[in-house]
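Visitor: I would like to learn how to read a fold from its model. Can we go through it feature by feature?

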Amino acid sequence: MNKITPRKLLNSKWTSVKPVKKEKHFLVTEVEFDEEGEVIHCLIEAVISNRSSAIDWKELRDASNWQQGWK
């Protein structure tokens with residue numbers, strides 16, 4: 001399990017373990033919080049294509065799909 005706190009998500013770098021369309025490296029570009037400090041929106045962007053997609057930030061904790069940093 002990858003350890004990351006919601007407050008450190010913005011601009012964090014991620015490597016997809018299973019790249020799709022040669023998109024392997026990603027950057028978290030948007031994070032929104034509710035009044036209680038819970039993440040309500042997380043946007044991840046592919047570095048090579050600039051394609052963005054919303055993601056549940058908790059999916060990034062799954063080490064079988066994501067590695068923290070660019071590898």
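Visitor: Which residue of β5 is the bridge partner of Ser16?
Guide: Strands of a sheet pair through backbone hydrogen bonds, either parallel or antiparallel. Here the model is a predicted one. Ser16 has Trp66 in β5 as its bridge partner.

Visitor: Over how many bridges do β1 and β5 pair, and in which sense?
Guide: β1 and β5 pair over 3 bridges, in the antiparallel sense.

Visitor: In what order do the strands form the sheet?
Guide: Read the order across the sheet, not along the sequence. The sheet is open, with 5 strands in the order β4-β3-β2-β1-β5. The pairing is antiparallel. β4 (52-54) and β5 (66-68) are the edge strands, and each of them pairs on one side only. On average, neighbouring strands are turned by 30° against each other, direction ignored.

Visitor: How many helices and strands are there in the protein chain?
Guide: The count is 0 helices and 5 strands. Along the sequence, the pattern reads β-β-β-β-β. The radius of gyration of the protein chain is 12 Å, and the globule rule gives 11 Å for 71 residues, so the chain is as compact as a globular protein of that length. Along its principal axes, the C-alpha trace spans about 35 × 25 × 15 Å.

Visitor: What share of the contacts with a separation of 6 or more comes from residues 24 or more positions apart?
Guide: In the protein chain, that share is 44%.

Visitor: Now single residues. Is Glu23 buried or exposed?
Guide: Compare the relative accessibility with the cut-off: buried means under 20%. Glu23 is at 5%, so Glu23 counts as buried. Glu23 belongs to strand β2 (residues 23-33). Of the 71 residues of the protein chain, 30% count as buried.

Visitor: Which side chain makes a polar contact with that of Glu23?
Guide: The side chain of Ser49 does, at 2.5 Å. Beyond its neighbours within four places in sequence, Glu23 is in contact with Ser16, Ala46, Ile48, Ser49 and Arg51. Ser16 is also the residue whose bridge partner in β5 is Trp66.

Visitor: And Met1: buried or exposed?
Guide: The cut-off for exposed is over 50%. Met1 is at 76% relative accessibility, so Met1 counts as exposed. Met1 lies in the segment before β1 (13-20).

Visitor: What does Met1 touch, not counting residues up to four places away in sequence?
Guide: Met1 touches Arg61 and Ala63. The C-alpha atoms of Met1 and Lys21 are separated by 25 Å, with the two residues 20 apart along the chain.

Visitor: Last, the surface. What area does the protein chain expose?
Guide: About 4,900 Å². Carbon and sulfur atoms supply 50% of it.

Definitions and conventions: Residues are numbered from 1 along each chain as its sequence is written. This is a predicted model: local features need pLDDT of at least 70, side-chain atom pairs count only at pLDDT 80 or more; totals for chains, interfaces and linings use all residues. Side-chain values use heavy atoms; hydrogens and water are left out. Helices (H or I, at least four residues) and strands (E, at least two) are DSSP runs, numbered from the N terminus. Buried means under 20% relative accessible area, exposed over 50%, partly exposed in between (1.4 Å probe, protein chains only). A polar contact is a pair of N or O atoms within 3.5 Å; within protein, one must be able to donate a hydrogen and the other to accept it, and residues adjacent in sequence count only if both atoms are side-chain atoms. Contact means heavy atoms within 4.5 Å. Two strands pair if DSSP finds at least two bridges between them. Axes are lines fitted to C-alpha atoms, for helices over the stretch in contact, and angles run from 0 to 180 degrees between N-to-C directions. The radius of gyration is taken over C-alpha atoms; the globule rule is 2.2 Å times the number of residues to the power 0.38. Accessible areas come from the Shrake-Rupley method with a 1.4 Å probe; for residues, only the protein chains shown count as cover.
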